[in-house]
Amino acid sequence: MPKSSAPRLSVRKTFKLYIGGAFPRSESGRTYLVDGDNVALASRKDARDAVVAARKAQPKWAAATAYNRGQVVYRVAEMVEARRSEFKALGTAGDEVNAAIDRLVWYAGWSDKIAQVAGNANPVSGPFFNLSSPEPTGVVGVIAPPSLLGLVSVVAPVIVTGNTVVVVSGGPQVAVTLAEVLATSDVPGGVVNILTGHAAEIAPWLASHDDVNGLDLTGVDDPALAVELEQAAAGTLKRVRRAGTTDFTADPGLAPMTAFLETKTVWHPKGF
Amino acid sequence: MLEYAPAPESRSVVQIAPSYGLFIDGDFTPGKDVFKTINPASEEVLSEVALGSPEDVDRAVAAARRAFETWSARPGSERAKYLFRIARIIQERSRELAVLESLDNGKPIKESRDVDLPLVAAHFFYYAGWADKLPYAGFGPSPRPLGVAGQVIPWNFPLLMLAWKIAPALAAGNTVVLKPAETTPLSALFFADICRQAELPPGVVNIVTGAGDTGRYLVEHPDVDKVAFTGSTEVGRQIARSVAGTGKRLTLELGGKAANIVFDDAPIDQAVEGIVNGIFFNQGHVCCAGSRLLVQESIAEQLLASLKRRMSTLRVGDPLDKNTDVGAINSAAQLARITELSEIGTEEGAERWSPECSLPDRGFWFAPTIFTGVTQAHRIAREEIFGPVLSVLTFRTPDEAIEKANNTPYGLSAGIWSEKGSRILAVADKLRAGVVWANTFNKFDPTSPFGGYKESGYGREGGRHGLEAYLA
């Protein structure tokens with residue numbers, strides 16, 4: 001190879017969508033510039049494709065053992081740890097990366113405990129076995145905050161219980177980097193799907209989509225858009241978690257998980 | 001069919017006044033406009049009831065807001081004692097209330113006496129006990145009440161739905177404004193009297209009677225913190241839309257189209273009883289009714305023969321007769337809806353069958369009906385009929401049964417009949433429904449959470465889970 005005196009040209013990264021475990025460009029062919037990076041600009045069609053991928057992955061993910069889901073989420077924490085320099089290069093402070101990793105570990109541990117805390121036996125007045133247990137709601141649309149800690153704090157609680165998600169991210173480079181982490185962890189394709197682009201453009205399609213069961217509005221910073229999305233979600237009676245706290249360092253409590261859990265109560269007679 | 005001599009329950013245990021006002025701030029006040037409530041079994045007018053106006057709703061919400069400060073500040077142990085008092089009074093007046101409920105609703109006295117009223121009293125007892133134990137309910141160490149709850153209830157179990165709404169709300173320290181259904185306002189007004197008997201502080205419970213508009217004013221009222229609605233999915237959607245962006249907490253218990261799945265190893269006689277109970281209990285006016293029978297193909301013929309035989313013994317008629325199994329349809333409008341959907345069932349090619357039965361000349365009646373040869377595309381397999389009409393479909397494999405059962409936007413309840421434990425548990429896991437009855441159906445208990453998946457609504461009523469809707 002002949003030596004050149006010119007400095008080496010770096011290879012730039014293309015920030016692409018994450019759908020069904022693959023990294024496609026937007027079907028629309030659109031990109032937009034974010035801090036000098038070219039990022040895929042997701043379209044309505046991309047949102048629909050992501051819902052299809054999430055729906056396809058959901059039954060198997062929900063049927064995985066809680067132990068297994070916990071292992072998978074813990075593996076995500078390991079991989080963020082291993083790639084912490086990438087997040088730091090994107091401007092995420094070391095403390096925040098630490099907090100994000102710790103949050104993933106916290107949620108990993110919930111996988112096989114939430115049913116014991118959110119479910120219970122019911123002492124009915126009669127000879128019946130009667131048990132209430134939480135089950136995942138299904139496919140959840142998540143409008144995520146831009147920060148790594150914010151993103152992890154809204155995605156981990158939803159998937160650890162067996163839901164699959166379509167994420168609309170306002171912090172595209174961080175989100176796509178997390179997608180690269182997920183792709184190299186053991187998260188099955190389609191469990192987390194990430195769309196980069198404008199919430200105002202994509203989120204309404206998720207809010208009104210017949211095959212989306214829940215909607216998390218935590219990352220919506222425009223109150224008018226939040227109302228519009230909540231109204232659209234009413235059409236199919238989606239479970240909606242409203243835009244609330246932005247302090248992701250606080251103890252999240254159970255609400256981020258229970259917002260997207262259903263309670264199923266099974267009765268059976270007892271007798272000889 | 002065996003002839004039974006009539007065994008009517010006495011009406012004289014209940015005194016219905018010719019008119020009732022609104023129960024606001026501890027007193028009955030007349031409304032500007034009135035409407036009539038009738039006995040659907042005879043079309044006789046029972047009473048005239050106030051039609052709550054926006055101003056009435058304002059006054060009721062204001063009374064509830066004033067009462068909230070002191071009610072929520074009371075120790076839970078004191079709130080508990082009011083609820084225990086109410087539960088006791090309900091037990092003591094249960095015969096009177098059962099007759100009243102059958103008169104206003106049309107349901108058989110056997111059901112109002114043996115199902116509705118015992119569950120109503122039990123519900124108040126259950127939540128009374130929670131009032132001083134809230135920090136142990138699993139919703140945080142210092143749970144707080146939400147404020148004023150606006151509650152709108154349906155006509156199918158008027159007093160029971162009131163209990164499901166009011167008992168947990170009060171136990172958690174909220175105050176309420178409740179609107180009973182237009183066609184069944186009376187038991188809620190009698191409950192207002194029970195609140196006075198129990199010396200419940202004024203404004204803690206307010207009852208505003210009226211129609212759809214009154215309910216809409218209530219749920220859209222800006223000073224209401226919590227909305228709880230039981231009724232149709234269509235109205236549920238409207239409420240969810242109107243509440244959007246207000247920050248109000250919302251729970252919805254909506255429609256259903258439950259599959260009742262009978263496998264080839266099911267105990268046939270028990271399954272037939274369960275099917276009959278599942279769809280003809282309360283004239284099929286039950287959101288969790290087992291309105292789609294999914295029967296395994298190999299036993300379909302035998303099962304249907306047994307079912308028809310059993311249906312031929314159902315007694316349809318006077319709700320106050322203690323022998324009656326199936327009472328009156330609640331209203332002319334509901335009868336028209338059941339009639340229309342049944343006609344559509346025939347037009348779409350399903351085969352209709354009812355036992356021979358003579359229906360009374362006056363009032364609203366519909367004979368127990370089954371449709372066979374129903375496919376998933378038929379409207380009678382997709383839409384909630386809310387009447388004594390059963391659609392029968394068949395399946396060959398468990399996977400097909402699960403797929404058909406889940407092929408609905410609703411997800412309130414489901415039934416499984418099989419003698420094989422592992423099959424029951426595997427199928428129960430896969431059914432997308434909030435309540436799964438295995439080898440039983442339509443069982444209710446105050447300790448057991450009730451509520452739906454998907455478009456059957458969200459939130460749970462009953463049990464520890466039922467408190468969550470009323471706590472912050």
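**Exercise 1. Find out how far helix 7 of chain A is buried, and check its length.**

Step 1. Start by counting in this predicted model: of the 12 residues of helix 7 of chain A, 10 are buried, so this helix is largely enclosed by the rest of the structure.

Step 2. Now name them. The buried residues run through Pro172(A), Gln173(A), Val174(A), Ala175(A), Val176(A), Thr177(A), Leu178(A) and Ala179(A), and Val181(A) and Leu182(A) complete the list.

Step 3. Next comes the length. Helix 7 of chain A covers residues 172-183, and at 1.5 Å a residue it should span 16 Å. Its end C-alpha atoms are 16 Å apart, which agrees with that expectation.

**Exercise 2. Describe how helix 8 and helix 9 of chain A pack.**

Step 1. Two packed helices are described by the angle between their axes and the distance between the axes. Here, the axes of helix 8 (residues 199-208) and helix 9 (residues 223-234) of chain A come within 7 Å and cross at roughly 20°.

Step 2. Turn the angle into a word: angles under 35 degrees count as roughly parallel, so helix 8 of chain A is roughly parallel to helix 9 of chain A. The crossing is right-handed.

Step 3. Look at who touches whom. Helix 8 of chain A contributes Ala199(A), Ala200(A), Ala203(A), Pro204(A), Ala207(A) and Ser208(A). From helix 9 of chain A come Leu225(A), Glu228(A), Leu229(A), Ala232(A) and Ala233(A).

Step 4. Sort this contact by class: it has 9 nonpolar, 1 polar and 1 charged residues.

**Exercise 3. Do the same for helix 2 and helix 4 of chain B.**

Step 1. The axes of helix 2 (residues 76-92) and helix 4 (residues 109-130) of chain B come within 8 Å, crossing at roughly 165°.

Step 2. Angles over 145 degrees count as roughly antiparallel, so that is the word for helix 2 of chain B relative to helix 4 of chain B. Their crossing is left-handed.

Step 3. Among the contact residues are Leu83(B), Phe84(B) and Ile86(B) of helix 2 of chain B, and Phe124(B), Phe125(B) and Tyr127(B) of helix 4 of chain B.

Step 4. By class, this contact divides into 12 nonpolar, 2 polar and no charged residues.

**Exercise 4. Describe the side of chain B that touches chain A.**

Step 1. Count both partners: chain B gives 31 residues to the contact and chain A gives 26 residues.

Step 2. Find the elements. Helix 8 (233-243), helix 14 (421-430), strand 17 (435-438) and strand 18 (457-458) of chain B each supply at least two residues of this side.

Step 3. Finish with the classes: the side of chain B that touches chain A has 13 nonpolar, 11 polar and 7 charged residues.

Notes: Residues numbered from 1 in each chain as written. Chains lettered and ligands numbered in written order. Predicted model: local features only at pLDDT ≥ 70, side-chain atom pairs only at ≥ 80, totals over all residues. Axes fitted to C-alpha atoms, helices over the stretch in contact; angles between N-to-C directions. Helix = DSSP H or I, 4+ residues; strand = E, 2+ residues; numbered from the N terminus. Parallel < 35°, antiparallel > 145°, perpendicular 65-115°, else oblique. Left-handed = near helix turned anticlockwise from the far one by under 90°. Contact = placed C-beta atoms within 7 Å. Nonpolar A, V, L, I, M, F, W, Y, C, P; charged D, E, K, R; others polar. Expected span 1.5 Å × (residues − 1). Buried ≥ 20, exposed ≤ 12 C-beta atoms within 10 Å, placed from the backbone.
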